[in-house]
Every structure is written in C-alpha cells, then in structure tokens.
Amino acid sequence: MDTYEKNRQAQVRYLYSRAAFGATPAELTQAVEQPLRKTIRQLFHNSASVSDLIVVEPEQNQTRPVLRQLVRDGQLDKEMLRERIKQNAQKIRDLNLLWVDRMAAGSGALREKMALFWHGHFACRPSGQNALFMQQYINTIRRHALGKFSDLLMGVSKEPAMLQFLNNQQNRKNAPNENFAREVMELFTLGRGNYSEHDVKEAARAFTGWQYTPAGQFVFRERVHDEGDKTIFGKTGPFVGEDVIAALLANRQTARFVTSKLYRYFVNETEDKKRVDELADQFYKSGYDITDLMETMFGADWFYDARNVGAHIKSPVELLAGMRHTLGITFDQPQPQIFVQRTLGQTLFYPPNVAGWPGGRSWIDSSSLLFRMQLPAYVLKAAEVTIRPKEDGDVNTETLARKGGNNFRTTVDWPAFEGAFATVDDQKLTDAIAGALLPFALRPDQRTLIVSQAGTANDRSQRIRSLTVSIMALPEYQLS
C-alpha cells in the first residue's frame with residue numbers, strides 16, 4: 001500500500017468510525033478505490049430506507065394498570081403479576097439487543113448512528129416497563145433520524161413514552177406540570193438560558209391536553225386543556241402544543257443549539273464557534289434538513305483535520321457495535337451485550353437522566369477503562385468475566401451476571417477478516433491490521449510489544465488473531 005492509499009484508508013476509516021460503527025477491512029479496501037464523495041453518498045443511500053424494530057405487538061402489550069386490574073378481577077395472582085412484569089422488562093431488553101444487531105449489521109449504519117445520537121438528545125427511560133411505548137419511541141427516532149428535525153421533534157414530543165417520562169399526563173389546566181415544557185425548551189431546542197420562567201409556565205399551559213391512551217396513541221383531551229390566552233416569547237394567543245413547537249423551530253437558537261450538539265458528537269467536543277454558526281445558519285435555511293447538514297459535515301475538508309481524528313472517545317454502545325461489525329461477531333446468547341453496556345455505563349433505554357449521557361471523558365473511569373481494554377480478549381476468546389456491572393435503574397437486570405450474562409460465547413467471522421489481509425507481506429501485517437483498526441499509526445514501542453505478543457503463534461491465521469486482539473486492547477482503539 002503506497003502513501004496515497006494509506007492516507008485514503010485513514011480518511012475512510014475515520015469516516016466510517018464517525019458516520020457509522022466502523023468498517024470491515026473489505027469495506028475499507030473498496031472505499032479506498034473510489035472517490036470519497038461516492039463513499040459518503042453510499043452511506044446515505046444505504047440508510048435511505050428503514051424498517052421498524054418489533055418485539056411486541058400492540059394487542060399483546062399489557063401495561064401495569066391493566067395487569068393490576070387483572071389482579072383485582074381475580075384473573076392473576078401476585079406471583080403471576082410479578083412474572084408478567086418481568087416479561088415486560090425482558091421485552092425492553094429484547095428491543096435493546098435487536099437495535100444493537102441493526103447497528104452492527106452495517107447496512108443502514110448511518111441511520112442507526114444518528115438514532116443513537118438522537119436517543120441521547122431526546123433522552124427517555126421506560127416508565128412501568130412498557131415495552132410498546134419504548135418500541136414506538138425508538139422507531140419514531142429511527143424513522144426521522146435523517147429527515148427534518150421539525151418532524152423528529154414533533155414526533156418524539158407526542159410519543160407516549162416521552163409524555164409519560166416527562167409527566168405531561170399530569171399537566172392539566174387546573175393542575176399544571178411544567179416538566180415537559182421545560183425540558184422541550186432546555187434539552188430539545190433552545191438550551192438553558194434562552195427562555196424565561198414565564199415562557200415555561202405559559203408553554204406548559206399550551207401543552208395541557210397532550211396525553212396518550214393505554215394502547216399507546218397520542219390524544220388531545222380538550223377537557224383538560226387550558227383554552228385561555230398565553231404569552232410565549234412575547235406573542236399572545238390561545239396557543240396549543242403545536243404552536244409552541246412551531247415557535248421553537250422559528251427561533252434560530254434552536255438550529256444553533258442542535259447543530260452545536262451534532263458538531264460536538266460527530267466532529268469534535270471542542271466547538272469551533274464560527275464553523276458551527278455557519279452550519280447552524282445552513283440548517284435553519286434548509287428547514288432543519290438533517291441529511292443536508294450531515295452531508296455538509298462529512299464532505300468538508302475540515303472534518304478530516306488531524307485535530308479531529310481520534311478526538312472522540314467511543315461510547316460503550318459504539319464500542320460494542322463496532323467490534324461486532326468489524327469482525328463479524330455474533331453472540332451465541334445475546335444477554336452478555338446487556339452486561340457490557342451496564343458495566344461500561346451506557347444501557348440503551350436507560351440514560352442516567354433527562355439530559356442523556358454526557359459522553360466524552362465521562363465514559364472513562366478507573367473501573368471501566370480496564371474492562372474496555374480487556375473486552376476484545378473476552379469477546380474474541382469467548383471468556384467469562386467477574387466484573388460487576390454498574391447500576392442502571394433496571395432492577396430486573398441486577399441478576400444478569402448470576403444468570404450467565406458475563407459468560408461470553410461468540411462466533412467470529414475470522415475467515416472474512418483474515419482474507420482481507422491475504423496478500424499482505426508478513427513484515428507489513430502488523431501495520432496493515434493496525435491501519436484498519438486504529439485512528440493513529442503504531443508507535444515503534446507499541447509495534448514491538450504487539451509483535452512479541454504474537455511471537456508464539458503457530459501459523460499465519462493464529463498470528464492475525466493474536467495481532468488483532470493485541471491491537472484492539474490498545475488505548476487508541478477506544479478512540480475514533
């Protein structure tokens with residue numbers, strides 16, 4: 001591989017790490033042979049369509065109120081009630097695992113990566129272990145992940161899971177609850193400091209009546225809606241919730257706030273103010289077209305600046321999905337993937353609070369760093385670990401380790417991975433594998449250490465596997 005090819009490979013490896021969940025060596029080889037612009041278009045093309053994640057049908061869903069009514073009617077005893085609640089919690093874990101499968105599959109990875117970002121932006125946890133509500137919530141996010149932010153904002157704001165999580169079911173004209181209105185302004189659109197307490201109180205009145213049915217349908221209940229005039233952002237009228245959303249979208253600060261978060265997630269946590277201002281202006285003028293904004297980011301020369309490469313610490317889910325995709329890993333039993341998420345501090349559908357996961361350096365602490373670096377060896381060698389997972393608020397996963405959640409049994413598509421390096425000289429093998437996996441070239445001391453660790457390999461296949469595990473255990477593999 002000449003210098004041009006090495007530079008191009010580094011460029012597309014970086015693109016795949018940010019716009020997807022990494023690339024296989026074969027994908028990198030193909031991308032190197034075509035213009036970068038074509039690779040970017042292909043990523044968007046592969047994510048053009050979407051199919052829903054389904055673990056529960058609406059008619060099968062039994063909410064806690066329904067289950068308690070069955071107990072009162074004598075159709076369930078307390079033991080059966082506990083079992084049904086456990087089954088509901090299991091469906092949410094099934095939804096988690098199904099989504100990770102989609103992330104790791106590769107095709108449509110850009111959509112899933114965007115959805116992961118929006119899941120942190122529109123952070124929501126399950127209330128009452130309602131799997132149907134979470135299923136609808138995440139499919140709405142995935143459906144609009146690359147569309148218009150206005151559709152995404154409206155769709156998520158009307159999801160029963162979000163209305164329940166932010167207490168809008170309790171927001172009534174005679175008993176206002178400001179939680180939903182406050183978070184829509186602070187976390188979804190304007191950001192803290194860009195609205196007044198009066199705006200929040202008045203917007204909360206406008207959102208009265210935004211409720212949902214037990215079957216998971218959004219409804220507007222006129223009898224609990226405050227029909228009086230409200231004054232929001234200096235304008236007065238008998239506003240309803242849709243009017244508040246429209247007013248928030250008309251405010252350019254919404255474009256600035258959302259663009260800033262996207263830039264810090266996909267480019268660099270240190271914001272370039274002038275660049276974000278320009279992108280936000282484009283985002284606003286495009287009518288909040290997410291695809292238009294992301295194509296501009298991924299196609300810009302500055303996106304590939306050296307200061308951006310390796311500046312992002314992979315989140316636990318990015319790390320897990322990326323390993324699976326790059327090496328074609330499947331878990332014989334999927335539960336250990338929940339264990340990995342909990343141990344590293346990012347369990348899908350269980351963000352720590354309404355602000356989502358803080359990301360960045362918060363992903364790394366003394367307890368998680370060692371497990372992160374050992375994870376490739378656990379997964380690729382199908383090992384059992386004894387580390388305890390972190391608490392995520394889901395009491396039903398506390399027994400996960402006791403049930404074998406920490407027992408890694410996997411199948412790795414080694415033939416495909418090894419085949420990508422079939423024509424590489426033995427002397428160049430270490431750097432070739434590192435070039436496919438790391439954001440930076442190996443330092444001489446790292447190369448010496450890795451080669452020595454692979455020194456006992458019996459054949460080329462074993463050597464590739466040993467080198468791969470050692471390279472993925474380097475701290476640099478935690479970066480993208």
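# A tour of pockets and salt bridges

The second largest pocket, a good place to begin, has a volume of about 530 Å³, and of the 21 residues that line this pocket, Lys261, Tyr265, Trp357, Pro358 and Gly359 are the closest to its centre. The structure is a predicted model, in which local features need pLDDT of at least 70, side-chain atom pairs count only at pLDDT 80 or more, and totals for chains, interfaces and linings use all residues. For selections, residues are numbered from 1 along each chain as its sequence is written, while side-chain values use heavy atoms, with hydrogens and water left out.

A pocket here is an open set of points on a 1 Å grid over the protein atoms alone, where a 1.4 Å probe fits and protein lies on both sides within 12 Å along at least five of seven lines; lining residues have an atom within 4 Å of a point. The volume is the space filled by probe spheres set on the points, which are joined across faces, edges and corners.

Select next α6 (109–121), α10 (179–189) and α13 (252–266), each of which supplies at least two residues of the lining of the second largest pocket; helices (H or I, at least four residues) and strands (E, at least two) are DSSP runs, numbered from the N terminus. Colouring by domain is also useful, as this lining draws at least three residues from each of domain 1 (252–304) and domain 2 (316–412), with bounds that come from an automatic or database domain assignment. By class, the lining of the second largest pocket has nine nonpolar, seven polar and five charged residues, where Ala, Val, Leu, Ile, Met, Phe, Trp, Tyr, Cys and Pro count as nonpolar, Asp, Glu, Lys and Arg as charged, and the others, Gly among them, as polar.

Move now to the largest pocket, with a volume of about 840 Å³, and select Met1, Lys6, Gln9, Asp431 and Ala432, which lie nearest its centre among the 30 lining residues. Helices α1 (3–19), α2 (25–32) and α20 (429–437) each supply at least two residues of this lining, and the largest share, seven residues, comes from α1. The lining of the largest pocket has 16 nonpolar, six polar and eight charged residues.

For the salt bridges (a side-chain nitrogen of Lys or Arg within 4 Å of a carboxyl oxygen of Asp or Glu), a search of the whole structure finds 27. Select Arg142 and Glu112, whose closest N and O atoms are 3.0 Å apart; this pair links distant parts of the chain, with Arg142 in helix α7 (residues 131–144) and Glu112 in helix α6, 30 residues apart. Arg142 is buried (under 20% relative accessible area, with exposed over 50% and partly exposed in between; 1.4 Å probe, protein chains only), at a relative accessible area of 1%, and Glu112 is also buried, at 4%.

Next, select Asp281 and Arg252, whose side chains meet in a salt bridge (3.0 Å, N to O). This pair links Asp281 in helix α14 (residues 273–285) with Arg252 in helix α13, 29 residues apart; Asp281 is partly exposed at 28%, as is Arg252 at 45%.

Finally, select Arg409, in the loop between α18 (366–380) and β6 (410–411), where Arg409 counts as exposed at 51% relative accessibility. Adding Phe331 to the selection shows two residues that are 78 residues apart in sequence and 6.0 Å apart in space, C-alpha to C-alpha.
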